[in-house]
Amino acid sequence: ADTVIPYEEIERTGDSFNIRSSKITKGQNIHFMGSDSKKDEELVSRGSRLSPAEIGIAASVGLNEIEVLILPRIAILGTGDELVPVDAIPKPHQIRISNAHTVQAALSGNGFESKIFHLKDAKEELRDGLERILEEFPILVIIGGASKGKADLVPETLLSLGVEKLFHGVKQRPGKPFWFGKSSTNIVFGFPGNPVSSFLCLVRYTLPWLKSILGGRFELEKAILAEEFEFRKAMTFFVQGKRKISNGKILIHPIPGGGSGDLVNLSKTDGFLELPAEREKFGIWESYNWIPFR
């Protein structure tokens with residue numbers, strides 16, 4: 001046989017078979033060997049992220065074991081004497097360690113596992129703790145202690161442990177005190193202590209970088225400002241916004257909230273619209289970079 005006819009196009013009467021279809025071509029409905037890919041042809045390129053499609057391909061060619069890149073071990077460090085566990089009752093000068101859990105949830109939602117640590121603002125404790133963490137985790141996200149206050153000991157402590165500062169401070173709001181450095185074995189992100197600031201730095205910089213080292217691509221989306229907005233400082237401003245779809249276009253309605261300390265406002269928004277530093281007034285229907293987190 002060299003042709004396949006669907007069963008539903010056949011009419012059987014006793015031992016006789018009548019073909020209903022009048023359009024039959026030789027070789028129809030046959031999937032020939034090697035028609036998808038040829039011998040020795042690359043099926044999945046090195047560095048690809050394994051989706052169900054790639055797993056199916058591996059199974060079809062008999063690969064029951066695949067060599068893969070291990071997901072990086074990530075530590076999240078909250079610093080500060082004012083931090084207490086989530087189940088504790090804070091004193092007037094204290095707050096719960098919520099930022100670390102926000103960052104961990106965002107990492108987990110993107111497929112990355114992490115472990116939370118807390119160190120107080122004491123030189124010896126901070127140095128000893130950081131040294132242990134850096135030995136075990138190649139990627140470290142530090143929340144707090146990166147500004148210029150008397151208790152902000154993180155930058156000098158990292159330097160003493162061989163972590164080179166690549167930059168400290170970004171001309172943006174929120175997240176201006178953002179710190180970034182590396183050693184021969186570690187990559188360190190130093191986020192500001194305010195919750196919106198730390199979350200912005202995570203979704204704008206850290207998550208795209210993590211995806212890129214695993215072979216993924218990061219391309220900023222574009223969205224349209226649905227309302228006029230002003231920001232009168234010479235720095236990039238990331239305005240929180242609510243997304244709506246209208247006539248196939250993404251429209252962003254700004255919801256600025258109460259500043260970089262207003263964690264509750266994040267729950268009312270869908271992402272950040274990146275407004276460039278060169279402007280003070282931003283008109284309706286103008287398009288800007290959009291960083292969604294939902």
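## Overall shape

For a compact globule of 294 residues, the radius of gyration would be near 19 Å, but the protein chain in this predicted model has 27 Å. Along the principal axes, the C-alpha atoms fill a box of roughly 95 × 50 × 40 Å. Keep these two descriptions side by side as you turn the structure on your screen.

The chain contains six helices and 18 strands. Residues that sit 24 or more positions apart make up 62% of the contacts with a separation of 6 or more. As you follow the backbone, look out for these meetings between distant parts of the sequence.

## Surface and charge

How much of the chain is buried? Of its 294 residues, 35% count as buried. The chain exposes about 18,000 Å², and carbon and sulfur atoms supply 52% of that area.

Now for the charges. There are 37 positive and 37 negative side chains. The centres of these two sets lie 6 Å apart.

## The nonpolar cores

Which residues have the most contacts inside the largest nonpolar core? They are Leu-107, Phe-189, Phe-191, Leu-202 and Phe-272, in a core of 30 residues. Two or more residues each come from β3 (74–79), α2 (98–109), β7 (139–143), β11 (187–191) and α5 (195–213). Helix α5 gives the largest share, with eight residues.

Phe-191 is a good place to zoom in. Beyond its neighbours within four places in sequence, Phe-191 contacts Val-141, Ile-142, Ile-143, Gly-144, Ala-146, Phe-178, Ser-198, Cys-201, Leu-202 and Thr-206. There is also a second, separate core of 17 residues, which includes Leu-77, Ile-142, Ala-146 and Leu-153. Two of the contacts of Phe-191, namely Ile-142 and Ala-146, belong to that second core.

## Unusual backbone spots

Most residues other than glycine have a negative phi, and most peptide bonds are trans. With that in mind, here are some places to visit.

Arg-173 and Pro-174 are joined by a cis peptide bond, with omega at about -5°. Pro-174 is in the loop between β9 (172–173) and β10 (179–182). Asp-40 is not a glycine, yet its phi is positive, near 70°. You will find Asp-40 in the loop between β2 (16–19) and α1 (52–60), and it counts as exposed because its relative accessible area is 75%. Trp-285 also has a positive phi without being a glycine, at about 75°. Its place is the loop between β17 (281–282) and β18 (287–292). Is Trp-285 buried or exposed? Its relative accessible area is 55%, so Trp-285 is exposed.

## Around strand β9

Let us start just before this strand. Lys-171 lies in the loop between β8 (164–168) and β9. Why does Lys-171 count as exposed? The reason is its relative accessible area of 58%, because exposed means over 50%. Leaving out residues up to four places away in sequence, Lys-171 touches Ala-234, Met-235 and Thr-236. Pro-85 is 86 residues from Lys-171 in sequence, and their C-alpha atoms are 32 Å apart in space.

Arg-173 lies in strand β9 itself. At 37% relative accessibility, Arg-173 is partly exposed. Apart from neighbours within four places in sequence, Arg-173 is in contact with Phe-231, Lys-233, Met-235, Thr-236, Phe-237 and Phe-238. Met-235 and Thr-236 are therefore contacts of Lys-171 as well as of Arg-173, given that contact means heavy atoms within 4.5 Å. Arg-173 and Glu-274 are 101 residues apart along the chain, with 10.0 Å between their C-alpha atoms.

## Two more residues to find

Tyr-205 is in helix α5. With a relative accessible area of 25%, Tyr-205 is partly exposed. Not counting residues up to four places away in sequence, Tyr-205 touches Val-170, Gln-172, Phe-178 and Phe-238. Phe-189 is 16 residues away along the chain, and the C-alpha atoms of the pair are separated by 9.3 Å.

Finally, look for Arg-46 in the loop between β2 and α1. Arg-46 is exposed, with a relative accessible area of 80%. How far apart in space are Arg-46 and Leu-225? Their C-alpha atoms are 39 Å apart, and the two residues are separated by 179 residues in sequence.

Methods
Residues numbered from 1 in each chain as written. Heavy atoms only, no water. Helix = DSSP H or I, 4+ residues; strand = E, 2+ residues; numbered from the N terminus. Rg over C-alpha atoms; globule rule 2.2 N^0.38 Å. Buried < 20%, exposed > 50% of the residue type's maximum accessible area, 1.4 Å probe, protein only. Areas by Shrake-Rupley, 256 points an atom, 1.4 Å probe, with all protein chains shown as cover. Lys, Arg positive; Asp, Glu negative; His and termini not counted. Charge placed at Lys NZ, Arg CZ, Asp CG, Glu CD. Core = buried A, V, L, I, M, F, W, Y, C linked by side-chain atoms within 4.5 Å.
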